[in-house]
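I opened this notebook to keep a record of what I looked up, step by step, in one structure. The entries follow the order in which I checked things.

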Amino acid sequence: MNLSSIEILAGKLEHMSLIVLVLMLVEWGILIVTSYVEKNKEGVVSIISYLIQSIPYFLLSKIFIVGTMFWLYENRLFTLGFQWYIWVAAYLLYDFTVFFIHFLGHKVRVLWCIHGVHHTAEEMNLTVVARGSIFDVFFTPFNFIWLTILGFHPLMIFVIEPIARLYATLTHVNEKVIGKQKWLDKLLITPSVHRVHHAKNHIYLDRNYGETFSIWDRLFKTFQKELDNEKILYGIMNEKLNSDNLWHVQFLLWKELWLDVKKAPTLLDKIKYLFMPPGWNHIDGGKKAKEYRDEAWKFRLKKNSLSTR
């Protein structure tokens with residue numbers, strides 16, 4: 001494959017967002033007709049969020065994303081070709097980067113204020129893919145923007161990223177459409193695996209960060225399969241948030257962060273509120289995802305132990 005053919009392919013994949021939007025609307029319509037979706041307004045809020053977040057992407061993409069990628073490529077550390085194994089290496093490195101950036105989005109509170117928007121939906125379907133923050137443009141491009149300095153041509157990334165994004169879209173499909181695929185879970189992030197990631201059940205918190213491959217979660221011990229007798233409850237652990245309210249979805253997490261920073265007694269504590277994980281506080285350290293998860297596992301094991309007696 002030469003550069004000109006890759007450029008043509010990348011140009012065609014620019015329309016991937018439209019394909020994703022069509023898939024969202026088709027599935028959403030089917031779920032509404034079959035009365036499987038209860039919160040119809042949630043899908044509307046997700047799609048409006050998508051339109052809102054597209055504005056900064058449209059305004060900044062050529063300078064902040066495309067321009068930066070080509071500048072980094074001009075100053076690349078290595079010169080790589082377009083052989084099949086270079087494509088494989090690029091996809092794997094891209095996928096690992098998504099895993100890592102995604103992990104940071106859950107562990108750094110200021111980043112959670114951006115990424116957490118995606119988690120506010122309380123029902124799972126393809127419209128959840130559209131539910132992103134207006135500030136996403138300052139976060140998600142780091143999934144791929146730096147790869148060009150290693151020598152991967154920007155056009156390669158413009159092919160890989162939309163393909164990976166299409167796969168990630170399909171992992172949000174409703175459980176009525178696709179159930180569990182246990183044999184695929186060993187390698188891939190299936191819809192079942194990703195549903196766990198969107199759960200607010202304490203036992204599922206902060207698991208399954210991968211986009212395409214589940215190997216990264218297994219390697220770094222963040223993998224969690226969908227458990228039997230543990231129905232997934234979607235959303236985030238915030239009783240104040242209304243998933244049907246656009247303002248809540250986009251800005252409530254920021255408002256709460258600001259209030260915490262404002263009440264912090266020292267400059268160091270104010271900084272910690274920005275960069276410590278969600279749940280941290282300056283009084284007693286707070287209660288974070290791991291503590292909730294550990295408690296949930298102890299309760300489950302105890303309950304199973306009593307039921308077998």
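The entries below go from the overall fold to aromatic contacts, surface patches and a few single residues.

**Entry 1, overall make-up.** I noted at the outset that this is a predicted model. I then looked up the secondary structure and found 12 helices and zero strands in the chain, so my note on the order of elements from the N terminus reads α-α-α-α-α-α-α-α-α-α-α-α. For burial I recorded that 47% of the 309 residues in the chain are buried.

**Entry 2, aromatic pairs.** I looked up the ring contacts and found that the structure holds 15 aromatic pairs. The pair I took up to begin with is F96 and W216, which is edge-to-face, with 5.3 Å from centre to centre and 65° between the planes; the angle is over 60 degrees, which is why the pair carries that label. Because F96 sits in helix 4 (residues 84-107) and W216 in helix 9 (residues 215-219), this pair ties together parts that are 120 residues apart in sequence. I also checked the cover on each partner: F96 is partly exposed at a relative accessible area of 27%, whereas W216, at 14% relative accessibility, counts as buried.

I then turned to F99 and F220, an aromatic pair that is stacked, with 5.6 Å between centres and 25° between the planes. This pair, too, links distant parts of the chain, given that F99 is in helix 4 and F220 is in the loop between helix 9 and helix 10 (246-263), 121 residues apart. F99 is buried, with a relative accessible area of 4%, while F220 is partly exposed, with 44%. Which residues form one aromatic cluster? I wrote down F96, F99, F103, Y209, W216 and F220.

**Entry 3, surface patches.** I searched the surface for positive charge and found K182, K186, R218 and K225 gathered in a patch. From this patch I followed up K186, which lies in the loop between helix 7 (182-185) and helix 8 (191-197) and counts as exposed because its relative accessibility is 60%, the cut-off being over 50%.

For the nonpolar side I recorded a surface patch formed by W84, Y85, V88, L92, L187 and I215, which together have about 600 Å² of accessible area. Which element gives the largest share of the nonpolar patch? I found that helix 4 does, with four residues. V88, which has its place in helix 4, counts as partly exposed at 40% relative accessibility.

**Entry 4, backbone angles.** I looked for positive phi values in residues other than glycine, and K221 came up with phi near 60°. K221 is placed in the loop between helix 9 and helix 10 and is exposed, with a relative accessible area of 68%. N229 likewise has a positive phi, near 60°; N229 is found in the loop between helix 9 and helix 10 and is exposed, with a relative accessible area of 80%.

**Entry 5, one lysine in helix 11.** My last look-up was K270, which is found in helix 11 (residues 267-275) and counts as partly exposed at 26% relative accessibility. I recorded that the C-alpha atoms of K270 and D260 are separated by 7.8 Å, with the two residues 10 residues apart along the chain.

Terms used
Residues are numbered from 1 along each chain as its sequence is written. This is a predicted model: local features need pLDDT of at least 70, side-chain atom pairs count only at pLDDT 80 or more; totals for chains, interfaces and linings use all residues. Side-chain values use heavy atoms; hydrogens and water are left out. Patches are made of residues with over 30% relative accessible area and no salt bridge: like charges are joined within 9 Å, nonpolar side chains (Val, Leu, Ile, Met, Phe, Trp, Tyr) within 5 Å. Accessible areas come from the Shrake-Rupley method with a 1.4 Å probe; for residues, only the protein chains shown count as cover. A salt bridge is a side-chain nitrogen of Lys or Arg within 4 Å of a carboxyl oxygen of Asp or Glu. Lys and Arg count as positive and Asp and Glu as negative; His and the chain ends are not counted. The place of a charge is taken as NZ of Lys, CZ of Arg, CG of Asp or CD of Glu. Helices (H or I, at least four residues) and strands (E, at least two) are DSSP runs, numbered from the N terminus. Buried means under 20% relative accessible area, exposed over 50%, partly exposed in between (1.4 Å probe, protein chains only). Rings of Phe, Tyr and Trp (its six-membered ring) pair if their centres lie within 6.5 Å; planes under 30 degrees apart count as stacked, over 60 as edge-to-face and the rest as tilted.
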